[in-house]
Every structure is written in structure tokens, then in C-alpha cells.
Amino acid sequence: MVEISEQPHKSHRTRQAGPSARKKKKPSDGAKNNKNPKAFAFNSTRKAKRLQSRSTEIEQRKLHIPTIDRSIGEPAPYVIVVQGPPKVGKSLLIKCLVKHYTKQSLPEVRGPITIVSGKQRRLQFVECPNDINGMIDAAKFADVALLLIDGSFGFEMETFEFLNILQVHGFPKVMGVLTHIEGPDAKKIRKTKQRLKHRFWTEIYDGAKLFYLSGLENGKYHPREVHNLARFISVMKFHPLSWRASHPYVMVDRFEDVTPPERSHTNKKCDRNVTLYGYLRGCNMKKSTKVHIAGIGDYNLAGLTNLADPCPVPSAAKKKGLRDKEKLFYAPMSGLGDLIYDKDAVYININDNLVQYSKVDNENGEISGKGGIVDKGEKMVKSLQEVKYSINEKLEQSSINLFSRKPPRSHNTNGALLESEIEDLKLSDQDNSVEESETDESDKEIGEEDLEESESSDQEKANEIVRSTGDGSDGESEDDEHLPHLRSDSKEQVEFHNGRVRRRAMCGTDIDNSDFKSSGKDDEDSHSSASSNFSEEDEDDPKIEEDEIENVSKWKESLVERTLSGQNTNLMQLVYGKSVSNSTSSTDEAHCSEDEESDGEKFFQPKGEINKKSSDGADDINVNDEECSKLTISVKQKNWKSEDLVESIRDHFVTGDWSKAALRGQTSDVTGEDDSVYGEFEDLETGEKYESHQMDDAGTDTDINRKGDEARRLKKLALRAKFDTQHEESDSPDEETGKSKGTKFHRDQANESGYFDKLKEEIELRKQMNIAELNDLDEATRFELEGFRTGTYLRLEIHDVPFEMVEYFDPHHPVLVGGLGLGEENEGYMQLSKGFAQAFQIRKHVIRGPDFKEKVKDWWDFVVEGRRGKVFRLKLKILKIKLMKWNKEVTDNIKRLPVRIKRHRWHRKVLKTRDPIIVSIGWRRYQTTPIYAIEDLNGRHRMLKYTPEHMHCLATFYGPLVPPNTGVVAVQNVSKNQAAFRITATAVVQEFNHAARIMKKIKFVGYPCKIFRKTALIKDMFTSDLEISRFEGAEIRTVSGIRGQVKKVSLLGTGNPIKGARLGKIRSC
Amino acid sequence: MERVMKKTYKRLKGSKYLRQRLLLSTLSTTPIIISDIRPDDMPPGLRYYEVELLKLFELISDGCVIELHDTATKFKYIPGVLMGGRNLVHDCGKYRSLGYFLEPLIVLGLFGKKPLSIKLLGITNDSKDPSVDTFRSTTLPMLKRFGIPSEGLELKIECRGSPPNGGGEVVLKVPVVQSSLSAVTWTDEGMVKRIRGTTFSTRVSSQFENTMIHAARGIFNRLLPDVHIFTDHKAGVQAGKSPGYGISLVAETTTGCFISTDTAVFQAKWKDEDEYEDDEKKELTPPEDLGEQAASVLLGEVEQGGVVDSTHQFVFVLYGMVLLDNYFIK
């Protein structure tokens, strides 16, 4: 044993040569030579250069052309679309996130859910349905897509389909979330994660974020993981997507059918009127905008109103985090958010199971016994419950209470959303007829009260809320005077709607508004945006009410008057009277009045717009007729030869006094408001020309500007200065990343980044100027100019939608309303596919065509027997028929939209020409029959019957025009039973033309009957003269390779008695 | 399911602002119907040059539909896609000078699909519309302010034509603006640093031009030494079909503003147009008076101030509409 132990082990013999020897040497060498490797990153200049160029490249790749962000104020909530295959945990994730943000548990996810997630940020969660239509729509409004992936199963087709759709419609932020990863084997889980992550990366980009949610805990995801996910969401930045930045759109989070009930009762399938609610996104929306409801069609807006933000961002008070009160959420489709505001009403939703009627007499006593004082809210609810008479009966009995006594001030302490102040609560039927009859009296009452209230402005009225659920309204007790009054005009009708009890709380519009205003002050929640919204609303009201005159009874007129009087007086209106909606006449009037105004300063006349006015009417017409942009000199010619006149303008020349000239510049800045008035006027012109409504209104600010001009100039300067300093001190927030990383490149790349900075700076400056300019306008004018701002909560009223929309409305399926840009509604494309009769019109390119004249001549040259006049008429008739026929042939492919298309490589089959596909372009999706073609080397588009296997080809189809480079995604059918991969093809719009020329190769069989040296007569190739004439000049080629051209119809050498035998003439070249 | 909206037309009345209406309708792709066009005049309806204008709009756009009512007092215009294109030719007729047609063209051309290059035939200079010289010297440089690329923006005068018979020929080239026009802030008019000008004469003695220049210089010399007025005497085919002469002056300021005027004298032979007879037929302005007159008008414009002269306000107004941003022009 000892021996053994003493026996020395053979020491390890290190390799002297070979790879392992080399391997080991290296680090030791490095350690010896370079004491501090960090201090000397590289030794060779070449390497340094390479490194530098690489990092510069990375730097440059990050730069984008800065785009001007035209949105002002609060951004709309960001839409987070949660997408994934069925049973992967989409709803659960939304529930968990909502719970995390608001501490409330959501029983069911139906429709969009808006929550306040931070002091500056709101989020809107939408669950993406799994049918392809829903996925397409969801991809169009998603700001973030959370792709849920079942970790236990792996990727499913839905994910890839959705990714494809996303990519086509502008790629928003995407985050993968891996669920269902649990199990005992940690290593296996790790492997799966790794595998899925890499697959995910290949689809998006390397390093794309994939989140892991391990198993459930009490039926929910781990709160820690949800918290982390929420963190990721909250720091996310969003790039503007070009399509969305240029089109307004609304993701509908609430939907009501407002068809008059008698209409829908009589005919269930009548066209409905609906109202859609949602935040405005994208860009500003004007009233004249046309909208497309995805899957329904194009509509004009019957009404567009902004409502109070149901989920406002908390005030900007300096505090950390959110108060519990501010953690609002709004989900009307999920049956949450018990109080819903409409333009003219407030709805209270109560769940079925929560409705419990208490016996009034008994319990009243008990409660009063318990609490001592009877709670006001309770009392009111009680009073509401005891409805003995129907409304009509009550109406007959009731007397009008004109002057109610002012109740003492009471303050409401519950700050949640649901506690928005409603002053007088009237519960009435939703039924319009009832409402109308009832309001007749009750509104007078309200009106009187309102007046009273406005007189004593500092007195705030008691705000009463009927709360349905737990919180209970803690309004302080009110004197009993008020109660009977309340009771007299408040009615309750219970209606079962969607399995919920729904009661409508009715009150006048004006009261709503005034109340909102006062509440804004009251709560010291001075959100600037919110309050401005209200005032805007105030001013819109009359217009909207004008719109729906049909169901407005007398009382509303006085209401209109009142609101008008409440409106801040518009100088323009004072001067020029009320606005006239008739566009042209008002336009001209505006011009005329403008004319008169600018009388004093003759030189500020826009000559093109406003011709020189002359007092006599007859002359005026003539002048207007001869429209020209040159100033006809009406000023009497000055004699510029006289010395003092010359002296008077000497300072306008460089030979004059420069200092005086500088002074002139300044003084003219001050005195020259007229100039900017002129500029303003132009801006308004824009509005005037593009949209037809109330121009006089818009013209107002000319006068207002006069006042505010100096102030504005100063403000602008201040702004600019402020901005400059900001830029020197610290970079603009967007730039932070770029600069901090790029500091070391600034040395070398001063030019590039300097240029970039300059661009950004210019854009920022421009934005500031725009804002400053707009801020100076009064609300009404501003609204006329820019429409509704993004981020406002809108109510869109749309008339005559098909009843299916209401009938099959599914809250799980989000509704997208997209505004159409200029010219995008422009094609009567459906006319053609539906086969409506089309008016006979010959298009320009037909007439301009090379052979048009000859053709007409040909058609005209035939003999008709009869009287002269009859012959002429007959000939004309025949010509018309021929023309129509030919025109149809030539213009058949008009208004087609050529796109460069590629069949998706996962789609199993090739596509066939004229097989219907469903395409999604812009906001729309529609079915169409494309014609595939490929561009040959000679630039000709040759028709293809089938799409090529692995190549792009062109597809042409009817459709409303969209700008080039818009993405297109095509699917073959939208039914639920799924193909393996539903995306058929992806494409991009090449250009839009009204005509596209596609050539088709056709095989003909004919028999040569006479052959000359270079010409041959071919028989039986065509069946009619017309056909031959159509193919005149067409290149042909025989199978054996003789090439030639179809020349003309030849009767030569037919010798054939049968008229049907036609000859073509071929000439080989 | 998809539903189609009925095409809605904007209905307008009267003959006023026809160019602006057509232009804005095209840019906003809004179909319009204009009715009551000179219903009481004899002859009623559209004038020849207005019809020519419509044809011009049709020429540079694709798929536009113009339906003229029989009496020409009413027409329907459905704008198409602005195409632009090369080697287009349009005869603008003899009733209105090319300035009338050029003004909408320089706006429309920018928004076409392809750069526009069009040859316009007709009257190059008259006293009613801005002359082609003014266009070349003033309007085109001004457009560069809006971020329009200067290469490709060009107006070439190949032949001159005076009223009444015309015979002029110009080639206008307008590039396509890539993204959008940039907003301008242009409020400082500066001081006039130089005056340039062109005179022209067709089918009259070239001595006329020298006389005009002499007269104009006589007025400017007391204010500014830097005055250069070029002569452009055309002869033969290039001189068009009618005699005439005229002058176009431009004052350039230190801040790069251009202030221009132009006038022309020609023989009016129209019997059917009374205005011409009244105004011009009586006697033609002699060249020295014309020179003085033009110079005076220019000084008048300078005196009034502003970065644009009265003639060009129209163009600027239109550009302003197209812009998304606010703009500031004095």
C-alpha cells in the first residue's frame, strides 16, 4: 500500500504542438502584454477604422427622416391588441393586466377596455378575434400587438397570419408572450423557450422581445410577471405609421342603435341609424370627412360630436404615481363603467342581479331609524322606485314648476369616473316619443333653473348621483324642497337590454355642459384639454341640433338660442350676421365683404380671388367675367418724375437709408396686422374651399387677429427662445437615445448628425409656430380649421347602415371606422361589379386613340336607302351602337388598380385569374376578381392565367383608389373553417390609373388561302369584320415561326359565296 | 356588404373664379357642377378660353370627365388623376394670353405623377394677364421658396405672339414635388437692390424697345444705378402673327423678393369684343409712355411693400392652401 501511495503520479504532459497548445498560450500572452485591455481597445488602425465605420453604420441606420407630429394635446389611448390562437389565454392576460392597473377584476372581456395606466398614458386593450376579418381590422388599429403563443404547443398559424397582416398594414410594435410554459423539467422548458425565441426572431428581427408567463396561480398569471409585462408596455415608444398618421380613424368602443323605434318595429330589416363612440386617432377629423366602416361600407357622417372623455388622464399635479381614484377604466361593451354619457343623455347601467327593489315604506323607516338622517341619494332612489303612474298620466296631472328654490351647496366626495356630476336626474324611457312628449314641460323647467344658476355662478348645485352598486351615493342630505321637484320630473323606465337593466337618465344638453364646466372648476381638476372640449361642445351644439331638426320640437329652439347666447360672441357673426351654410353663396359673400373691408388698403387685394371691385353692378359682372390675376391699375398713376415722390420711396432701395428701412420693417410689423390678416384669410380660404360649411364663422378671426397680433408675435418669440434654450441645454426627448449613444461620433460625424439635428429643430420650430398660430384663434374658428383633434372622444352618428350591422353586432369583434383621404372614395367601383347600368360615355383616351377617326369613317361609310333625314338619323343610330360596342371593348379594363403581388409561399395553391379573392387595402376589405399579368422585357403586360410559383407578378382589379405603396393582403375566403394558412398573397399598390393595358396571348387557327411574297390572306381566323378591325396591327406569330401583323380585312380573292368567311391579311416581315 | 356612396357633387354657381374652382376641385378630387355661367350674356355660357382651360385640365389628367351642358352655362367636372407627362401640346387659343393658363399649370404640375412638360401655343404677352417674361423672371424663382426643386422648373419662350393673332409658343417644365411643399416664413421684404427687365417686340422695329428702355431707365436712374433691361427682338416665325411690343420689369430685393410688372401694346382688331375696342383701339401707347408707365407701376408696387407683388398673390394663396403648416407671408 505504502509503495503504491509513494509511487508518483505521472505528471500531466502539456501539448507542445497542435491546436490545444496554441489555444492555451493565447490568453496568457495577452495578459502579459496588455496590462489593461480596456484602456487599449485595439492596436491596429485598420481595425479601429473598421470598428468605427461599423458603429457609424449602426448609428446611421437608426436615423429616420424626422416627421412633423401634428397631434396636439393628449394622445388617444394606445391600443394594445392581444392576439393568439384560441385557448391560449388572451382574455386571462387582459384580465390580469386590468387587475394590475386598476385593482378591479373583470368578469368578462367584451370589446375594448380603456384604462388609465399612468399619469400621462392610457391604454386600450382589445382582444383580437380569430376570424380573418377581425384579425385584419385589429392589425389596422393596433399600436402594440401582444402575440400570445402556447409554449406547450409551439407556434400556431394564427400568429403567423397575424404577423403577415401586421407587416402589410404598417408594422406596429410587436411583443411575443409565451404562455403555458410549466412542467417539472426545467431544462426542457429552457430549451423550448430558446427554440421558440429563435423562431420568433427570424420572423420579426433578432432580439425581438419575447415574454414568458409561467403557469397559473389561483387561475391567474403570476402577479410579478404581469407587473413586468405592464412595465414593458408602459415604457414602449411608438413610431408613427404613415398610413395612420395621414388618416383619421376611430376604434369603436361603444355602439348604439338610434333608429327611431317605430321604424325598426314596422320593418325589422330597415336601414338603421347608429352611433359609434371612440377615441379619435391618426389625424384630425373634420365634419365633412367621409368614413369607411370596415366590413360595412362608406358613409357620410350624419353627426360628429365630441363627448367628455370617459377616461381622462389625471391632472398634472406633482405627485408620484396614480391615486386610486384616478385608476379609471372604461369598458362599456363589457358592461362596465356604469355611467355612460351621450350627447344629450346619461345612461346608467345596472346589472340584472344587482337590481333589488326595496319596500319603500318599511325600510325607509328603518333606515332613518338607523342613520338618523335620511340620505339624499337613498331618498331619491326610493322616490324613483315608487312609480305609480305612467308617464302620460303623470304628464296630465303635473303642473309646471317654474322656479324651484335653490338648494344648498353640497359637495360630492367620491372622485371616481362614475361620479361625474349630474345635476338634475331624470330617468325616462329610452323611447323617443315618450321623451319628446315629456320633455316639453320638463325642459322648460330645466331651462329656467339653468338661467337662474348661471346668474349666481359661484353657487354650485348639488350633484346627485344614482349609483347602482356598492359605493352608494354619499350625497349629503338635501332639503326636502328639492325632492318633490325631482320626483315630479324624474321618471323611471326599466328596460331589458342585452340582459342588463338599463335606465336612461335624461337631462338637457346645456345643463350637461354647464355642469361639466362647473365640475371642472369644482374639482380643481383643471385639465386644460377636457375643459376646452367642453367649450367646444358648447359651440357645436347648435349646429348639431340643426342637423337633427326632424325630431326637435319647439323647446329645443329656445335651447339653441340659449346656447348661442352663451357662446362667446364671434366678431365675424356680429359683423356679417349668422353663418350661412350654403357654400357658394356664402363664399361669394365672404369675398364681397372682404372686398369692402380691404377697401382702405388697395394693395392687399388678392387679385386672383377678388377682382377689382367697382361700384356699378353691370360693370362688376364684366370684371368678374374677365378673371385674371393681374392688377388692373385703378389707382391713378403717380408721376414718379416728381422729386418728392421719388424721395418718398428712396428708403425702399439700397441707395436709401438702411436704418430707416430697418425701422420700416419693424413698424410695418406692428402696423401691418392687415398683412397677417391677409395671411389668415388665406388659411381660411383653404377651409372654405375644401369644406363647405359655415365659412362666415371661419372668417371671424380676421378681426380678432387684429387685437392679438402683437401679443402673438411676442409669444412666438418667447416660444422660440424657450425652444432654443431647451435645445442647448438638453436634447429634445426624442433625441436622447440618439445623442447619448452617438456622442463619440459627434466628433467625426459632425456634419451628418448636425444636419439631422437641424432638421429636427426646424420641424420642432414649425410645430411650435403652428401651435402658436392656432392657439390664437378662438375655439370655433379653430375647430373649423382643424377639425376635431386627435385624442378626443367622439360620437359619430351614421345613418342608413344595413340592419345586419346591428343585428349581428358582436362586441368581441372590434369595429373600425377609418376616415377616407382625398379621392379615396373616388371610384364607383361597385357600380361595375354590381352591374348597374353605366351611362354611355366615351373616354378621352378612346377618342385620342390613333385609329379613332378611321374607325368612325369606316362605320359611317355604308349605304342606307331612304329619305335624307331618315338616312342621317339611321346612320347616327348605327354609329352610336358601334361606338358603344367598341368603347366597351376598349375601356373594359378601366379603373383598375395594379398591384405587385406575390402569392404567399405558405399558401398551397397558385392563384388563378378572375378567381375572386378578398383583399384588404387601406381601411377597406373587399372581394374582387384580379387579373394577373407579368411585365415582359419589352414593357408589355402579358396576362397570366395563373400566378407564377415563386415570383412577383402584377394583379389588376377594380377598386377604390389608394395611394401607391399601400400594402395589400389577400385571402381567399373568410369563412371559419380554416385552410392551413389563410393568407393567400401579399402585395403592394404600384400606381393607380384609370386604365391599365394588359395583353392577352390568343391562339387562332386560320387557313392561308392566297400567298404573295410578303403577304398572305388567311381565312377563317376571325369570325367578324369587327373582330378583325379590333386586331388590326396586332403582331402575330405562327407556330413555325413566321412573324407578321394583321393588316386589314380583305375581300380579295375570296371567291367564297358565304359571307361569313372572313380573311385576315398577314404580312411577314 | 360593402356599400357605395353616391357621388356627391359640389354645386357652384356663376362664372367667377373658374380657374380656382377647377384647380381646387382637382387637387381635392371633389367633383363639381358649376351652373349659371353668364346666363344673361350674349352669347351665354363659357367663353372660348374657359373651354380651352377645361381641355387643358383634361389633357394633363387621366380619367377626368367633363360634361358640358348644351348651352354651356352649366358643366360637370369630375377630376381625374393628375398625370403630367412629357411632350404635351395645347393650343390655348387667341382669346386669352398664356399667363391665364400657366398659373394653374404650375400648381397642378407639381402634384402629377410624372414631371410635366407641355408646349402651350397662343398669345404670350398682353396687357391683361401676366406675361411669360414675368413668369420666367419672377414666378419661377419664387416657387423655389416652397421647396420646389429648381432643376426641371423651366419656362422657355420659343416664339412670341401678340394679340390678336397670337402665334406664340412656350414650353413649360414643372417637376414633381416629392413629399410636400415646405412652409415658408417670409415677412421681410428687404430693399430693392437691382432692377432687371425684358422688352420684346414682334413685327415692329427693334427701335421701339430701346425707346422703352430709355424711358424706364429715366425714372429708375434717380433711385438705383443697377438697372439692366434686356431686349428681345423677335423676327420671322418667332415673332408670331401680330405686331406688338411690351416691357416686363422686376425689382429684386436684398432678401430675395421679386416684384414685377409688365405691360404690352398691341393692335386690337377684334370687332366682337367691345372692351378691346374701347380700351386699346383708339390709340396705341407710344413706347416711351409705355416704358414710363411700366416703371411707374413697378415703383408703385415697391412703395406698397410686401414680399410679393399683386400679380402673384394668387399663386401664393394657392400654395398656402396646399400646405399643411401655417405660413407667413407679408
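Helices and strands here are DSSP runs numbered from the N terminus, a helix having at least four residues and a strand at least two. Welcome to a set of close-up views, all drawn from a predicted model.

**Figure 1. The loop around A:Arg914 has a positive phi.** A:Arg914 sits in the loop that runs between β23 (896-903) and β24 (917-921) of chain A. Its phi is near 70°, a positive value in a residue other than glycine. The relative accessibility of A:Arg914 is 51%, and exposed means over 50%, so this residue counts as exposed.

**Figure 2. A:Lys103 also has a positive phi.** Here the loop in view is the one between α4 (90-102) and β2 (113-116) of chain A, and A:Lys103 is found in it. Phi of A:Lys103 is near 60°, and the residue is not a glycine. Is A:Lys103 buried or exposed? With 55% relative accessibility, A:Lys103 counts as exposed.

**Figure 3. A cis peptide bond joins two prolines in chain B.** The bond from B:Pro163 to B:Pro164 has omega near 0°. To find B:Pro164, look in the loop of chain B between β9 (154-159) and β10 (168-174).

**Figure 4. A salt bridge links A:Glu57 and A:Arg61 within one helix.** Both partners belong to helix α3 (residues 45-62) of chain A, where they are four residues apart, about one turn of the helix. The closest N and O atoms of A:Glu57 and A:Arg61 are 3.2 Å apart. A:Glu57 is partly exposed at a relative accessible area of 47%, while A:Arg61 is exposed at 60%. As a general reminder, side chains of opposite charge can pair when their charged atoms come close.

**Figure 5. A:Asp298 and A:Arg924 meet in a salt bridge.** The N to O distance between these two side chains is 2.9 Å. Which parts of the chain does the pair link? A:Asp298 is in strand β13 (residues 297-300) of chain A and A:Arg924 is in strand β25 (residues 924-928) of chain A, so the pair links distant parts of the chain, 626 residues apart. Both A:Asp298 and A:Arg924 are buried.

**Figure 6. Salt bridges form a network in chain B.** In this view the side chains of B:Lys234 and B:Asp232 form a salt bridge with an N to O distance of 3.9 Å. Salt bridges with shared partners join this pair into one network with B:Asp133 and B:Arg160. B:Lys234 is buried, at 10% relative accessibility, and B:Asp232 is buried too, at 19%. Buried means under 20%, so B:Asp232 at 19% falls within that class. For context, a search over all chains of the structure finds 26 salt bridges.

**Figure 7. A:Tyr793 is a buried residue of strand β21.** Strand β21 of chain A covers residues 793-801, and A:Tyr793 has a relative accessible area of 2%. Not counting residues up to four places away in sequence, A:Tyr793 touches several residues, including A:Asp253, A:Arg254, A:Tyr277, A:Asn306, A:Pro310 and A:Tyr330. The C-alpha atoms of A:Tyr793 and A:Cys311 are separated by 9.3 Å, although these residues are 482 residues apart along the chain.

**Figure 8. Acidic side chains of chain A form a negative surface patch.** The members are A:Glu854, A:Asp858, A:Asp861 and A:Glu1032. A:Glu1032 lies in the loop between α35 (1025-1030) and β33 (1035-1037) of chain A. At 39% relative accessibility, A:Glu1032 counts as partly exposed.

**Figure 9. A patch of positive charge gathers Lys and Arg residues on the surface of chain A.** Its members are A:Arg867, A:Lys870, A:Arg873, A:Lys877 and A:Lys880. A:Arg867 belongs to the loop between α33 (852-860) and α34 (868-890) of chain A. The relative accessible area of A:Arg867 is 60%, and this residue is exposed.

**Figure 10. The two chains provide the setting for the close-ups.** Chain A has 35 helices and 35 strands, and chain B has eight helices and 16 strands. Buried residues are 49% of the 1069 residues in chain A and 64% of the 330 residues of chain B. Chain A has an accessible surface of about 56100 Å², with 52% belonging to carbon and sulfur atoms. For chain B the exposed area is about 12100 Å², with 49% supplied by carbon and sulfur atoms.

Notes
Residues numbered from 1 in each chain as written. Chains lettered and ligands numbered in written order. Predicted model: local features only at pLDDT ≥ 70, side-chain atom pairs only at ≥ 80, totals over all residues. Heavy atoms only, no water. Buried < 20%, exposed > 50% of the residue type's maximum accessible area, 1.4 Å probe, protein only. Areas by Shrake-Rupley, 256 points an atom, 1.4 Å probe, with all protein chains shown as cover. Patch = residues over 30% accessible without salt bridge, like charges linked within 9 Å, V, L, I, M, F, W, Y side chains within 5 Å. Salt bridge = Lys/Arg side-chain N within 4 Å of Asp/Glu carboxyl O. Lys, Arg positive; Asp, Glu negative; His and termini not counted. Charge placed at Lys NZ, Arg CZ, Asp CG, Glu CD. Contact = heavy atoms within 4.5 Å.
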